[in-house]
Amino acid sequence: MSCIFCKIIEGSIPSTAVHQDELTYAFADIDPKAPVHVLIAPREHISSLAEMNGDHRELLGHLLLTAAEIARKKGLGKGYRVVVNTGDDGGQSVDHLHVHLLGGRPLAWPPG
């Protein structure tokens with residue numbers, strides 16, 4: 001498969017791992033937009049949130065719970081942002097579902 005995130009998850013492309021379990025792999029973003037910028041991706045290749053359905057409830061919940069767990073471990077008690085970009089207009093740049101966890105500084109609204 002030519003998906004860059006699949007290659008990162010399988011270990012053929014190096015990354016800075018932050019968390020891993022049977023469903024997800026989380027790693028530091030190589031172009032961080034905040035002091036803490038972690039990408040949390042399912043191990044299963046799913047192109048985007050738009051492909052998800054009721055069969056994916058457990059995985060979707062697990063992605064968010066994983067983001068919260070990482071935020072606690074990273075000391076983001078003052079707050080953080082969780083983002084899922086979907087499709088070209090939504091700013092998705094890699095066609096593999098992933099959650100951005102951003103924190104460590106005040107985050108403005110609205111985002112870019």
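Modeller: Let's start with a term: a salt bridge is a side-chain nitrogen of Lys or Arg within 4 Å of a carboxyl oxygen of Asp or Glu. This is a predicted model, and the structure holds two salt bridges.

Biologist: What makes D31 and K33 a salt bridge?

Modeller: Their closest N and O atoms are 2.8 Å apart. The cut-off is 4 Å, so the pair counts, at 2.8 Å.

Biologist: And why do K73 and E69 get that name too?

Modeller: Here the distance from N to O is 3.1 Å, which is within 4 Å, so this pair counts as well. Both residues sit in helix 2, four residues apart, or about one turn of the helix. In general, an α-helix has 3.6 residues a turn, so residues three or four places apart point the same way.

Biologist: Why is K73 called buried, partly exposed or exposed?

Modeller: Exposed, because its relative accessibility is 63% and the word applies over 50%. Its partner E69 comes out at 29%. That value falls between 20% and 50%, so E69 is partly exposed.

Biologist: What about D31 and K33: which label do they get?

Modeller: D31 has 46% and K33 has 48%. Both are therefore partly exposed, as neither passes 50%.

Biologist: Why is H96 called buried or exposed?

Modeller: Its relative accessible area is 0%. Buried means under 20%, so H96 is buried. H96 lies in the loop between strand 4 and strand 5, and the residues it touches include C3, F5, A41, P42 and H45.

Biologist: How do you know that the length of helix 2 agrees with what a helix should span?

Modeller: Helix 2 has 17 residues, from 57 to 73, and at 1.5 Å a residue they should span 24 Å. The C-alpha atoms at its ends are 24 Å apart, so the two values agree. Its buried residues include L59, H62 and L63, and strand 1 and strand 2 are among the elements that cover them.

Biologist: What makes strand 1 and strand 2 a pair?

Modeller: Three bridges join them. At least two are needed, so they pair. The strands run antiparallel, and a hairpin of three residues joins them. One of the partnerships is Q20 with Y25 in strand 2.

Conventions: Residues are numbered from 1 along each chain as its sequence is written. This is a predicted model: local features need pLDDT of at least 70, side-chain atom pairs count only at pLDDT 80 or more; totals for chains, interfaces and linings use all residues. Side-chain values use heavy atoms; hydrogens and water are left out. The expected span of a helix is 1.5 Å times one less than its number of residues. Buried means under 20% relative accessible area, exposed over 50%, partly exposed in between (1.4 Å probe, protein chains only). Contact means heavy atoms within 4.5 Å.
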